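Me: I'd like a close look at a single part of this one, the helix and strand region with the charged pairs and the core beside them. Could you talk me through it in one go?

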Amino acid sequence: MILGPSIALMQYLYPEDNQFNDSNLDGLNLTDIHVYPHFKEMLTRDPTIKDKINKYENETGINITRLNNDQALAVNNDTQTFLD
């Protein structure tokens, strides 16, 4: 997540985790891809996470790439490879 342009999704989903009240939610901006890791695993903890992420996407127009623990996304310049 931090390699992307923003961690605003985390603020949206888990505002209570922002213990230092950070207002700068910029990521490192090494890629333009917004990722939510551990997706399938988080569904077992919060069955509403899918709806919450969908709502965030609808409100912001930002596409979130959901990754499970057994997946990765390799980015090389403009090429993205989804690894299972």
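Reply: What follows is a walk from helix α3 outward, through its charged pairs, the core, the strands and the spaces around them.

Keep in mind that this is a predicted model. Let's begin with the charged side chains. The structure holds three salt bridges, and helix α3, residues 49-60, contains both partners of one of them, Glu59 and Lys55. In that pair the closest N and O atoms are 3.9 Å apart. That counts because the cut-off for a salt bridge is 4 Å. Along the helix the two residues sit four apart, so about one helical turn separates Glu59 from Lys55. Lys55 is partly exposed, at 47% relative accessibility.

Next comes Lys52, which pairs with Asp46, and here the closest N and O atoms are 2.8 Å apart. How buried or exposed are the two ends? Lys52 comes out as partly exposed, with 33% relative accessibility, while Asp46 counts as buried at 16%. The line for buried is drawn at under 20%, so Asp46 falls on the buried side.

The remaining bridge joins the side chains of Arg66 and Glu57, at 2.9 Å from N to O. Glu57 lies in helix α3, and its relative accessibility of 15% puts it in the buried class. Arg66, at 23%, is partly exposed. As a general point, side chains of opposite charge can pair when their charged atoms come close. Leaving out residues up to four places away in sequence, Glu57 touches Ile62, Asn63, Ile64 and Arg66. Arg66, its salt-bridge partner, is thus one of the residues on that contact list.

Now for the core. The largest nonpolar core has ten residues: Leu9, Leu13, Tyr14, Tyr36, Phe39, Met42, Ile49, Ile53, Tyr56 and Ile64. Which elements give two or more residues to it? They are α1 (8-13), α2 (39-45) and α3. Helix α3 gives the most, with three residues. In soluble globular proteins, nonpolar side chains tend to be buried together.

Tyr36 is a handy core residue to click on, as its contacts lead to several other places in this tour. Setting aside residues up to four places away in sequence, Tyr36 touches Leu9, Met10, Leu13, Tyr14, Met42, Ile49, Ile53, Ile64, Thr65, Arg66 and Leu67. Several of these are core members too, including Leu9, Leu13, Met42 and Ile53. Arg66, from the bridge to Glu57, is also among the residues that Tyr36 touches.

Thr65 takes us to the next stop. It lies in strand β2, residues 64-66. Under the same sequence filter, Thr65 touches Ile33, His34, Val35, Tyr36 and Leu73. Leu30 makes a useful reference point: its C-alpha atom is 15 Å from that of Thr65, and the two residues are 35 apart along the chain.

Two of the Thr65 contacts, Ile33 and Val35, also help to line the largest pocket. The full lining is Met1, Leu3, Gly4, Leu30, Thr31, Ile33, Val35, Leu73 and Val75. About 180 Å³ of space lies in this pocket. What classes of residue line it? Seven are nonpolar, two are polar and none is charged.

There is also one cavity of 30 Å³ or more, holding about 40 Å³ of space. Met1, Gly4, Pro5, Ser6, Leu9, Ile33, His34 and Val35 line it. Among those, Leu9 belongs to the largest nonpolar core, and Met1, Gly4, Ile33 and Val35 also appear in the pocket lining. By class, the cavity lining has five nonpolar, three polar and no charged residues.

Finally, two backbone spots to check. His38, in the loop between β1 (34-36) and α2, has a phi near 60 degrees, a positive value in a residue other than glycine. His38 is partly exposed, at 41% relative accessibility. Asn77 also has a positive phi, near 55 degrees, and its place is in the loop between β3 (72-76) and β4 (79-83). At 70% relative accessibility, Asn77 counts as exposed. For context, most residues other than glycine have a negative phi.

How values were computed:
Residues numbered from 1 in each chain as written. Predicted model: local features only at pLDDT ≥ 70, side-chain atom pairs only at ≥ 80, totals over all residues. Heavy atoms only, no water. Buried < 20%, exposed > 50% of the residue type's maximum accessible area, 1.4 Å probe, protein only. 1 Å grid on protein atoms, 1.4 Å probe; cavity = no way out; pocket = protein on both sides within 12 Å on 5 of 7 lines; lining within 4 Å. Points joined across faces, edges and corners; volume = space filled by probe spheres on them. Nonpolar A, V, L, I, M, F, W, Y, C, P; charged D, E, K, R; others polar. Core = buried A, V, L, I, M, F, W, Y, C linked by side-chain atoms within 4.5 Å. Contact = heavy atoms within 4.5 Å.
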